[in-house]
Each structure stands twice: as structure tokens, then as C-alpha cells.
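Take a look at the structure below. Keep it in view as you read.

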Amino acid sequence: QVHLVESGGGLVQAGGSLRLSCASSGVALRINVMGWYRQCPGKQRELVANISPGGSANYADSVKGRFTISRDNAKNTVALQMNSLKPEDTGVYFCNAEVHGWSGTYASWGQGTQVTVSS
């Protein structure tokens, strides 16, 4: 089983930056797409960005040009650099990975890290 742990959340003023990191532990045949989701107050969890093992990235329209996702395949880690943060970016950010294990494919989730952007 692969476990994910996020770090790097916190409180920042609008216009500031934060970098989220996600470390994985455990054993798997392969980790496919890794990504970041967020749940903003009063809203459903939504995809922020994801990235394939080959480096192909997708972003939500609301974060394009401001956020950058990256991964280290050797360490099975993924990071999210968030610049020009806005109050509407406030929420709990979750790391996610599609894991191919010996018994099948499953989604692994981290416990979440709080990001708060003050105006």
C-alpha cells in the first residue's frame, strides 16, 4: 500500500507564494498520474493539477499561469508551486496518486494540508 503525506501549507497574503510537497511511502508496481486536488470552503473537491510520469501536466483553468506541478519519478514525489495566490485559493489541498499494485489499481490520498490566503 502506498501512503501519501503532504507538507508546505500555511497562511499567506494575497499575491504571495507557497510550495506544497507530497512524499510517498510503501511499495507498488508503478505510480501513474500524480496530482493535487483542493476542497475550498462550501465547495466540492476539485482537481487543481495533475502530471503523468512523462511530465505531461494538466491544470484547472483557475490556476493556469500561476501554479506549476512537478514530480520526481525516482522518489515518487510531487510538488505544487503556487504563485500569485488569491483568497479564493483558500482550502485544503490533497495529494493524489494512481497506484498500480499487485492486486490492482487504486487511488491513494494524503490527509490534506490547509492553505489560507488572506486578502
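This report covers a sheet, a disulfide, a surface patch and salt bridges in a predicted model.

## The four-stranded sheet

Four strands make an open sheet in the order 1-3-8-7, and their pairing is antiparallel. Strand 1 (3-7) and strand 7 (67-72) stand at the edges. Each has a single partner strand, so one side of each lacks a neighbour in the sheet. From one strand to the next, the twist averages 15 degrees.

Look at one edge. Strand 1 and strand 3 run antiparallel and are joined by five bridges. Within this part, Val5 stands opposite Ala23 of strand 3.

## Strands 7 and 8

Now take the other edge. Strand 7 pairs with strand 8 (residues 77-82) in the antiparallel sense, over six bridges. Ile69 has Leu80 in strand 8 as its bridge partner. The two strands form a hairpin with four residues between them. There, Asn76 takes a positive phi near 55 degrees.

Which side chains of strand 7 are buried, and which are not? They alternate along the strand. Phe67, Ile69 and Arg71 point to one face and are buried. Thr68, Ser70 and Asp72 point to the other face and are not buried.

Just before strand 7 comes a loop that starts after strand 6 (57-59), and Gly65 is in this loop. Gly65 is exposed, at 81% relative accessibility. Its C-alpha atom is separated by 9.3 Å from that of Ser84, which is 19 residues apart from Gly65 along the chain.

## One disulfide, one free cysteine

A disulfide is a covalent bond between the sulfur atoms of two cysteines. The count here comes to one disulfide. It joins Cys22 to Cys95, with 2.1 Å from S to S. Cys22 lies in strand 3 (residues 18-25) and Cys95 in strand 9 (residues 91-101), so the pair ties together parts that are 73 residues apart in sequence. The torsion about the S-S bond is about -85 degrees, so this disulfide is left-handed. Cys22 and Cys95 are both buried.

What about Cys40? Cys40 is in no disulfide. The nearest cysteine sulfur belongs to Cys95 and is 17 Å away. A disulfide needs the two sulfur atoms within 2.5 Å. Cys40 is buried too, with a relative accessible area of 8%.

## A nonpolar surface patch

Val27, Leu29 and Trp102 form a nonpolar patch on the surface. Together they have about 380 Å² of accessible area. Leu29 sits in the loop between strand 3 and strand 4 (30-39). At 52% relative accessibility, Leu29 counts as exposed.

## Salt bridges

Side chains of opposite charge can pair when their charged atoms come close. How many salt bridges does the whole structure hold? A search finds four.

One of them links Asp61 and Lys64, with the closest N and O atoms 3.1 Å apart. Asp61 is exposed, at 65% relative accessible area, while Lys64 is partly exposed, at 48%. Another joins Glu46 to Arg38, with 2.7 Å between the closest N and O atoms. Glu46 is partly exposed at 30%, whereas Arg38 is buried at 4%.

Arg66 and Asp89 also meet in a salt bridge, at 2.7 Å from N to O. This pair links distant parts of the chain, 23 residues apart. Arg66 is in the loop between strand 6 and strand 7, and Asp89 in the loop between strand 8 and strand 9. Arg66 is buried at 10% relative accessibility, and Asp89 is buried at 1%. Arg38, Glu46, Arg66 and Asp89 are joined into one network by salt bridges that share partners.

How values were computed: Residues numbered from 1 in each chain as written. Predicted model: local features only at pLDDT ≥ 70, side-chain atom pairs only at ≥ 80, totals over all residues. Heavy atoms only, no water. Buried < 20%, exposed > 50% of the residue type's maximum accessible area, 1.4 Å probe, protein only. Patch = residues over 30% accessible without salt bridge, like charges linked within 9 Å, V, L, I, M, F, W, Y side chains within 5 Å. Areas by Shrake-Rupley, 256 points an atom, 1.4 Å probe, with all protein chains shown as cover. Salt bridge = Lys/Arg side-chain N within 4 Å of Asp/Glu carboxyl O. Pairing = 2+ DSSP bridges. Axes fitted to C-alpha atoms, helices over the stretch in contact; angles between N-to-C directions.
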